[in-house]
Amino acid sequence: YGRIRELPREGKVRSLHFSPCGRYLASGGDDCVASVIDLGLYPDPDPDPDTAAGDAEEGDGRPSSMPLPPLRVVRELEREDKVYSVNFSPDGRLLAAGGFDGNAAIATVVDLPRTDRSSDPADSEAMHAAVRSMELVAEVSRPGLVLSVDWHPDG
């Protein structure tokens, strides 16, 4: 299945969701935080040769043994209680989070690349700048738990 990396999270992880571009992973869990994690799937423009990762395959078809970079949390949204569900909007610019506090929150993930997977991975600097600000834009309270959040396909 490939190489495994540990999520930079404390406590139980209750929800994971990939961004539409595939570069980021949203997570939520018992640490009361909704996080956006850079998966390090694209090389940095000027990688450090000591920490650079390669996903190239070896001659026999197995993944290379080069280490993958550690996962980096690039944004966090603190909540009052455990986060049970996270979900990126279809365009990747918003993140919905819901949980044990009875609130469904929507936060901006400024300038995350849209769903174009064919973007040049070498444009990594712009992609890194993408997840610098996550601001709460809406919140809906309801009695009880919010066990799932989702988006209409049009956003």
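Two strands are taken to pair if DSSP finds at least two bridges between them. The model described here is predicted.

**Overall make-up**

The protein chain holds 1 helix and 8 strands. Read from the N terminus, the order of elements is β-β-β-β-β-β-β-α-β. Of the 155 residues in the protein chain, 37% are buried. The accessible surface of the protein chain is about 9000 Å², and carbon and sulfur atoms account for 50% of that area. Among contacts between residues at least 6 apart in sequence, 61% join residues that are at least 24 apart.

**Strand pairs**

The table lists three pairs of strands, with one pair of facing residues for each.

| Strands | Bridges | Direction | Facing residues |
|---|---|---|---|
| S2 (residues 24–29) and S3 (residues 33–38) | 5 bridges | antiparallel | Ser-27 and Ser-35 |
| S6 (residues 94–99) and S7 (residues 103–109) | 5 bridges | antiparallel | Leu-95 and Ala-107 |
| S7 (residues 103–109) and S8 (residues 134–141) | 7 bridges | antiparallel | Asn-103 and Ser-141 |

**The sheet S1-S2-S3-S4**

An open sheet is formed by 4 strands in the order S1-S2-S3-S4, with antiparallel pairing. Its edges are strand S1 (13–18) and strand S4 (72–78); each has a single partner strand, so one side of each lacks a neighbour in the sheet. On average, and with direction ignored, neighbouring strands of this sheet are turned by 20 degrees against each other.

**Ser-27**

Ser-27 lies in strand S2, where Ser-35 of S3 stands opposite. Is Ser-27 buried or exposed? Its relative accessible area is 0%, and because buried means under 20%, Ser-27 counts as buried. Leaving aside residues up to four places away in sequence, Ser-27 touches Arg-9, Ser-15, Leu-16, Val-33, Ala-34, Ser-35, Ile-37 and Val-86. Ser-35 is thus both a contact of Ser-27 and the residue opposite Ser-27 in S3.

**Strand S7 and its partners**

Strand S7 is mostly covered, with 5 of its 7 residues buried. This strand is joined to S6 by 5 bridges and to S8 by 7 bridges, and it runs antiparallel to S6 and to S8. On the S6 side, Ala-107 is the bridge partner of Leu-95. On the S8 side, Asn-103 stands opposite Ser-141. The hairpin of S6 and S7 has 3 residues between the strands, and Gly-102 in this hairpin takes a positive phi near 80 degrees.

Conventions. Residues are numbered from 1 along each chain as its sequence is written. This is a predicted model: local features need pLDDT of at least 70, side-chain atom pairs count only at pLDDT 80 or more; totals for chains, interfaces and linings use all residues. Side-chain values use heavy atoms; hydrogens and water are left out. Helices (H or I, at least four residues) and strands (E, at least two) are DSSP runs, numbered from the N terminus. Buried means under 20% relative accessible area, exposed over 50%, partly exposed in between (1.4 Å probe, protein chains only). Contact means heavy atoms within 4.5 Å. Accessible areas come from the Shrake-Rupley method with a 1.4 Å probe; for residues, only the protein chains shown count as cover. Axes are lines fitted to C-alpha atoms, for helices over the stretch in contact, and angles run from 0 to 180 degrees between N-to-C directions.
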